[in-house]
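Trainee: Please take a close look at the surroundings of the ligand. Then place that part within the rest of the chain.

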Amino acid sequence: MQPAVEFRNISKAFGPVQANVDVSFTIAKGSIHGVIGENGAGKSTLMSILYGYYRASGGHILIDGQQRDIRSSHEAIALGIGMVHQHFMLVENFTVLDNVMLGTEGGFRLGAKRAAVEARLREICQRYALEIDPLAVVSDLSVGAQQRVEILKQIYRSANILILDEPTAVLTAQETASLFEILRTFKAQGKTIILITHKLGEIMEITDQVTVMRGGRVAGATATAASSKEALAGMMVGRPIESELARAPFAPGAPVLEVRGLQLDDKDKVRRLAEIDLTIHAGEIVALAGVSGNGQSELLEILSGMRLPSSGTVALNGVALPFARRRDADGLPAQFRELGIGHVPEDRLRDGVIKDFSVMQNSVFGYQDKVANRWGLFDFKRIAQRCGALIKNFDVRPADPDMRIGLLSGGNQQKVVIGREVMAKPALLLVGQPTRGVDIGTIESIHKELLKLRDAGVAILLVSVELEEVRALADRIVVMSGGRITGGLKIEEFDTTRIGLLMGGMHKK
Ligand SMILES: Nc1ncnc2c1ncn2[C@@H]1O[C@H](COP(=O)(O)OP(=O)(O)OP(=O)(O)O)[C@@H](O)[C@H]1O
């Protein structure tokens, strides 16, 4: 049978960076094909070429056996190629129906046409078990449902080849399971899926074939059934990965963070956080587990000074944080940083970096006064040294301090943010989803850095939806559901079923 996609000697350079070098492989029709590789290996670039965002500098692409010059995403769509991005491309205050019609239909408010499209959407939703109401407003939908809207859009546009770029990074385990069901149905119809993911468990579970990329090139390829997680990890990183990190014994010090009776009501008077009591000691990592959207983000926002609580107190090393009598949070994040609270935000693109600034500028973002000389001016030599050390310790690629950070691959941007916060030696470090979108080699080094900080006496609050990550790092697990803490357990008591029940809000009264 003709392959669905054939890459022949694709190369792509961005200035001096060779993002793709002579990439050749084929994707069988009716298969699920995994593409894996370290951060910056060139996966997204290759997919962007297939989807018509970028022009290759060399080589060509065959779709269904025919050489095609894909010059825009319109041309890709016309060839039956669909893409589900990491950041959804939906208009939030529109309905699902309007979102689907937008860009595909001329007058998308025409009554008769709308009814026909709606009927077709209902039919697709049923066939693929998408569980989406075409008339729902997108902003009311969960992240998982919004992703299914993106898939619905592609199916409606008759995509035969669906590209998914790290689709499960933002999903819960349950949402991932239903996404995989949808993908299996898609495949059963003879359609083709290209799946980019850092999660090797997912590769083993759902793909038929895997291509491994490293340094812009194809580093290996295998039938999934003939491989293993360990073998794939080795091919990806070029060295064995430690499956379990050694941890020093738990030796907590004095309380660093003391949260008492914290409440948060949003502007619509909806209670987002209720009666939060939490203590974290020096040298302790506490993981906040739970399905996202249950108050974890709000708690991190308050503790990092981005948002004011409605009531309650927070003390750092015995001193109350200056929330009282404030009308807004202006300037608070900077003040909290001064006091020794580091923060790796969950949404690094929104809150963690300034995309148009260089890696060097971003490496001191928020810590400008630490790199000033005695006249209060920037000490550029110090900034350069610090940035050089960050790039080296956290293996940021390419190792170019002057590159605009927005041009780094997602995982490499994350390394800069984590490196910046770790190197500031905080008393308390707040970390939201530290390894989202990060490759396994880098996960290992980020985990090592966090454990090193813990051993040096830093108190760490980790928010993570990855239970494996929680297990690898936490001394204690606190579960949140519906804005409340529903329970806590020591790491020795780690038990996914119990955590699952607590996540669902089940707890002993
Ligand atoms: N528009 C651009 N300008 C300059 N360099 C770029 C651009 N887009 C990507 N790059 C570089 O090309 C290389 C490949 O990046 P790409 O995003 O394809 O990697 P990736 O494998 O998808 O990584 P990740 O897993 O982190 O998403 C990286 O070194 C990146 O910095």
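Mentor: A residue counts as near a molecule here if its C-beta atom, placed from the backbone, lies within 6 Å of it. The model is predicted. In it, 18 residues surround the ligand, and those that come nearest are Phe14, Asn39, Ser44, Thr45 and Ser409. Three elements each supply at least two residues of this shell: the strand β2 (17-28) and the helices α1 (43-50) and α14 (410-423). Sorted by class, the shell has 10 polar residues, 7 nonpolar ones and 1 charged residue.

Now the interior of the chain. In soluble globular proteins, nonpolar side chains tend to be buried together. The largest nonpolar core here has 65 residues, and Ala287, Leu430, Ile460 and Leu462 have the most contacts inside it. Leaving aside residues up to four places away in sequence, Leu430 touches Leu300, Leu303, Ser304, Ile341, Gly342, His343, Val344 and Leu461. A second core, separate from that one, has 56 residues, including Val23, Leu152, Ile155 and Leu164.

As for the whole chain, the secondary structure comes to 17 helices and 20 strands. Of the 509 residues, 42% are buried. Counting contacts between residues at least 6 apart in sequence, 68% join residues at least 24 apart. The C-alpha trace spans about 70 × 50 × 45 Å along its principal axes. The radius of gyration is 24 Å, which agrees with a compact globule, because a globule of 509 residues would have a value near 23 Å.

Terms used:
Residues numbered from 1 in each chain as written. Predicted model: local features only at pLDDT ≥ 70, side-chain atom pairs only at ≥ 80, totals over all residues. Helix = DSSP H or I, 4+ residues; strand = E, 2+ residues; numbered from the N terminus. Nonpolar A, V, L, I, M, F, W, Y, C, P; charged D, E, K, R; others polar. Core = buried A, V, L, I, M, F, W, Y, C linked by C-beta atoms within 7 Å. Buried ≥ 20, exposed ≤ 12 C-beta atoms within 10 Å, placed from the backbone. Contact = placed C-beta atoms within 7 Å. Rg over C-alpha atoms; globule rule 2.2 N^0.38 Å.
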